[in-house]
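Visitor: I am new to reading protein models, and I would like to take a close look at a single part of this one. Could you walk me through that part slowly, and then show me how the rest is arranged around it?

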Amino acid sequence: DSGRRMKSTAPRSTLRKIIKKHKPQLRLAVNADLLLEQIFFFFSILKVHLNFLLFLHRLAEEARTNAFENKSKIIKPEHTISAAKVL
């Protein structure tokens with residue numbers, strides 16, 4: 001159901017406690033933690049995206065190595081499949 005999404009961020013009270021622990025002198029507006037929650041969510045998505053790109057890069061490098069070892073100038077699906085089994 002597209003109307004229901006899994007909550008993937010910390011509760012607001014947790015975010016406020018973390019902020020107060022590290023910056024006790026900081027006074028937050030009532031909805032400031034909502035903005036921080038959106039920022040944390042954005043960076044968690046960015047981290048997943050970067051990890052995926054790093055995985056794809058490793059997969060491509062390993063597939064290229066497999067093609068080279070098989071004396072192939074073209075990276076074929078079987079080179080990528082065998083690379084994925086190693087990673």
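Visitor: Leaving aside its neighbours within four places in sequence, which residues is His79 in contact with?

Guide: Please keep in mind from the start that this is a predicted model. Leaving aside neighbours within four places in sequence, His79 is in contact with Ala63, Asn66, Ala67, Asn70, Ser72 and Ile74.

To place these names, begin with the overall plan: the protein has three helices and zero strands, and read along the sequence it follows the pattern α-α-α. His79 itself sits in helix α3, which covers residues 77–86. Helix α2 covers residues 32–69, and a loop that includes Ser72 lies between α2 and α3.

His79 is a buried residue, because its relative accessible area is 4%, and the cut-off for buried is under 20%. Across the protein, which has 87 residues, 14% count as buried. Besides the contacts already named, the side chain of His79 reaches the backbone nitrogen of Lys76, at a distance of 2.9 Å.

One of the partners of His79 is Ser72, and looking from that side gives a second view of the place. Ser72, in the loop between α2 and α3, is also buried, since its relative accessible area is 18%. When residues up to four places away in sequence are not counted, Ser72 touches Ala67 and His79, and Ala67 is likewise among the contacts of His79.

The loop also holds Lys71, and here the picture changes, because Lys71 has 76% relative accessibility and therefore counts as exposed. Its backbone deserves a careful look as well: the phi angle of Lys71 is near 55°, which is a positive value in a residue other than glycine.

From the loop we can go back into helix α2, where the side chains of Glu61 and Arg64 meet in a salt bridge, with 3.1 Å from N to O. A search of the whole structure finds one salt bridge. The two partners are three residues apart in helix α2, so they are separated by about one helical turn. Glu61 counts as partly exposed because its relative accessibility is 34%, and Arg64 is partly exposed too, with a relative accessible area of 46%.

Helix α2 also contains Arg58, which is exposed because its relative accessible area is 53%, and the cut-off for exposed is over 50%. The C-alpha atoms of Arg58 and Ala84 are separated by 9.3 Å, although these residues are 26 apart along the chain. Taking the protein as a whole, and counting contacts between residues at least 6 apart in sequence, 30% join residues at least 24 apart.

Moving on to Phe55, we are still in helix α2, and this residue counts as partly exposed because its relative accessibility is 38%. Phe55 belongs to a nonpolar patch on the surface, whose other members include Leu35, Ile39, Phe42, Phe43, Leu46 and Leu87. Together, the residues of this patch have about 970 Å² of accessible area. The protein exposes about 7700 Å², and carbon and sulfur atoms supply 63% of that area.

There is also a record to set beside the model: UniProt, in an unreviewed entry, places the feature "transmembrane region" at residues 39–56. In the model, the span of residues 39–56 is 100% helix and 0% strand, and its end C-alpha atoms lie 26 Å apart.

To return to where we began, His79 is buried in the model, and its contacts include Ser72 as well as Ala63, Asn66 and Ala67.

How values were computed. Residues numbered from 1 in each chain as written. Predicted model: local features only at pLDDT ≥ 70, side-chain atom pairs only at ≥ 80, totals over all residues. Heavy atoms only, no water. Patch = residues over 30% accessible without salt bridge, like charges linked within 9 Å, V, L, I, M, F, W, Y side chains within 5 Å. Areas by Shrake-Rupley, 256 points an atom, 1.4 Å probe, with all protein chains shown as cover. Salt bridge = Lys/Arg side-chain N within 4 Å of Asp/Glu carboxyl O. Helix = DSSP H or I, 4+ residues; strand = E, 2+ residues; numbered from the N terminus. Buried < 20%, exposed > 50% of the residue type's maximum accessible area, 1.4 Å probe, protein only. UniProt positions renumbered as here; feature names shortened; annotations may be inferred. Contact = heavy atoms within 4.5 Å. Polar contact = N/O pair within 3.5 Å; in protein donor to acceptor, adjacent residues only side chain to side chain.
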